[in-house]
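Student: Hey, can you walk me through this one? I'd like to ask things as I go.
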Amino acid sequence: MQQNRSDLSGSSGAAIPDVCELNRMALQGLIPMFVAEKQIFCFRVLHTNQGLVSEGLSPRYTIMTLLGLREVERTGARIPFDVNAIYEALHRDTSWIQGAGDLGLMIWLTAVFVPGRIDDLFRRCKVETALERFSDAREARTMELAWFLAGLAHAGLSCPEKLSDLRELADKTYGLLEKNRGKSGFFGHLSTSKSVAGLLRGRVGSFADQVYPIYALSKYAVAFQLEAPAKLALDCANAICEAQGELGQWWWLYESQSGRVSSKYHVYSVHQQGMAPMALIAVEEATGKSFEQPIYKGLRWITGANELGEDMRDMSQGLIWRCIYPQQKYGKYLNVLRSLVGLPNGKVSAADLKILYEDRPYELGWLLYAFGRFGVKAN
């Protein structure tokens with residue numbers, strides 16, 4: 001995919017954003033999210049009457065942000081962080097790793113930053129038993145399995161000599177992930193057979209439960225030169241694009257067996273600007289099929305071609321507000337129930353919707369991971 005479409009506009013009149021300008025904004029927006037004394041990014045920033053307020057700390061979001069920052073750094077652009085120092089802080093203390101998903105993200109990060117440390121990380125974190133030790137893996141949670149598979153794939157891509165050693169664990173993870181896929185091509189949230197939660201919730205997967213498997217399966221296919229996982233990634237990519245809204249919305253929840261959208265809202269900016277592009281670009285690289293049109297259709301949503309006609313970007317602060325969501329609190333649950341019995345989603349009018357004025361570092365991190373390769377627009 002090439003960034004050469006920033007001057008186009010749709011029927012709504014909202015221009016497709018220049019991704020180099022989005023990269024510049026993201027670098028700006030991340031500055032107040034960084035907690036320098038702890039070398040970690042916060043959990044979120046909120047827009048309040050007193051200005052921006054930072055809350056919490058997140059190693060997981062820090063990893064996602066570092067992956068994006070490294071993509072920008074590779075272009076030679078200057079970034080306002082010492083990414084190697086932040087990586088070292090995460091590497092020194094891995095007590096925050098509480099699941100196979102967390103471990104997968106750390107493997108992925110290490111493969112990108114310091115591939116020579118992969119063996120040490122595997123020993124310290126007992127990677128070979130991760131699928132048995134961690135509850136997210138035992139319950140076969142789709143997003144976390146995808147992160148773990150992505151980590152193993154990146155380890156193999158960075159260190160091809162390790163591919164044979166990684167193969168058994170990667171194949172086992174793939175097998176667990178593949179079982180969560182419904183006949184529609186969509187993935188459910190977790191195994192339907194390993195817990196009560198799975199029995200009740202397993203069939204319905206979030207957008208994250210679609211894009212992270214698309215990404216992981218694409219990388220796994222490339223690393224191990226396999227056709228089957230690339231096809232699964234392509235099937236899921238085609239399914240989410242078929243379900244994409246008229247305004248480019250990437251909807252929230254999907255029923256894995258029927259292929260229906262279970263609940264449309266919330267519509268999250270990170271899906272539009274970061275997660276969908278990173279997944280679809282990965283499957284493009286694995287299969288050769290272009291997803292340029294749905295990627296840019298989704299991007300246009302954040303510039304104002306959305307339900308409220310509002311630009312989700314705060315240009316002065318470099319932030320992109322988190323989502324558009326319904327004021328009715330229980331609407332999503334009613335829609336899920338309707339979808340499970342074959343009924344369409346209830347209608348939502350613009351008067352029922354509002355913007356959530358917060359931003360999280362991973363949202364800007366995934367934007368940079370998807371588009372950082374195109375560089376940063378100068379001020």
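Student: How much of the chain counts as buried?
Tutor: Of its 379 residues, 59% count as buried, where buried means under 20% relative accessible area, exposed over 50% and partly exposed in between, using a 1.4 Å probe and protein chains only. Keep in mind that this is a predicted model: local features need pLDDT of at least 70, side-chain atom pairs count only at pLDDT 80 or more, and totals for chains, interfaces and linings use all residues. Residues are numbered from 1 along each chain as its sequence is written, and side-chain values use heavy atoms, with hydrogens and water left out.

Student: And what area does the chain expose?
Tutor: About 15,600 Å², with carbon and sulfur atoms supplying 49% of it. Accessible areas come from the Shrake-Rupley method with a 1.4 Å probe, and for residues only the protein chains shown count as cover.

Student: How many helices and strands are there?
Tutor: The chain has 16 helices and 12 strands. These are DSSP runs numbered from the N terminus: helices are H or I with at least four residues, strands are E with at least two.

Student: Why is H16 called largely enclosed?
Tutor: H16 covers residues 361-371, and 11 of its 11 residues are buried, so the rest of the structure largely encloses it. Among them are Pro361, Glu363, Trp366 and Phe371.

Student: What about H2, how many of its residues are buried?
Tutor: 12 of the 15, so H2 is also largely enclosed by the rest of the structure. The buried ones include Tyr61, Ile63, Leu66, Leu67 and Arg70.

Student: What span should H2 have?
Tutor: Helix H2 (residues 59-73) should span 21 Å at 1.5 Å a residue, and its end C-alpha atoms are 20 Å apart, which agrees. The expected span is 1.5 Å times one less than the number of residues.

Student: Switching topic: what does Leu109 touch?
Tutor: Leaving aside neighbours within four places in sequence, Leu109 is in contact with Ile63, Leu66, Leu67, Tyr87 and Leu90. Contact means heavy atoms within 4.5 Å. Leu109 is found in helix H4, residues 100-113.

Student: Is Leu109 buried or exposed?
Tutor: Buried, with a relative accessible area of 0%.

Student: Any rings pairing up? How many aromatic pairs does the count come to?
Tutor: The count comes to 22. Rings of Phe, Tyr and Trp (its six-membered ring) pair if their centres lie within 6.5 Å; planes under 30 degrees apart count as stacked, over 60 as edge-to-face and the rest as tilted. One of the pairs is Phe34 with Phe81, which is edge-to-face at 5.4 Å centre to centre and 75 degrees between the planes. That pair links distant parts of the chain, 47 residues apart: Phe34 is in strand E1 (residues 34-35), while Phe81 is in the loop between H2 and helix H3 (83-92).

Student: What else pairs with Phe81?
Tutor: Phe41 does, again edge-to-face, at 5.3 Å centre to centre and 65 degrees between the planes. Phe41 belongs to strand E2 (residues 40-48), 40 residues from Phe81. Both Phe41 and Phe81 are buried.

Student: Which residues form the aromatic cluster?
Tutor: Trp108, Trp147, Tyr212, Tyr215, Trp366 and Tyr369 form one.

Student: Last thing: what sits over the ring of Phe113?
Tutor: The charged end of Arg70, 3.9 Å from the ring centre. A charge sits over a ring if NZ of Lys or CZ of Arg is within 6 Å of the ring centre and within 35 degrees of the ring normal. Lys264 likewise has its charged end over the ring of Trp251, 5.0 Å from its centre.
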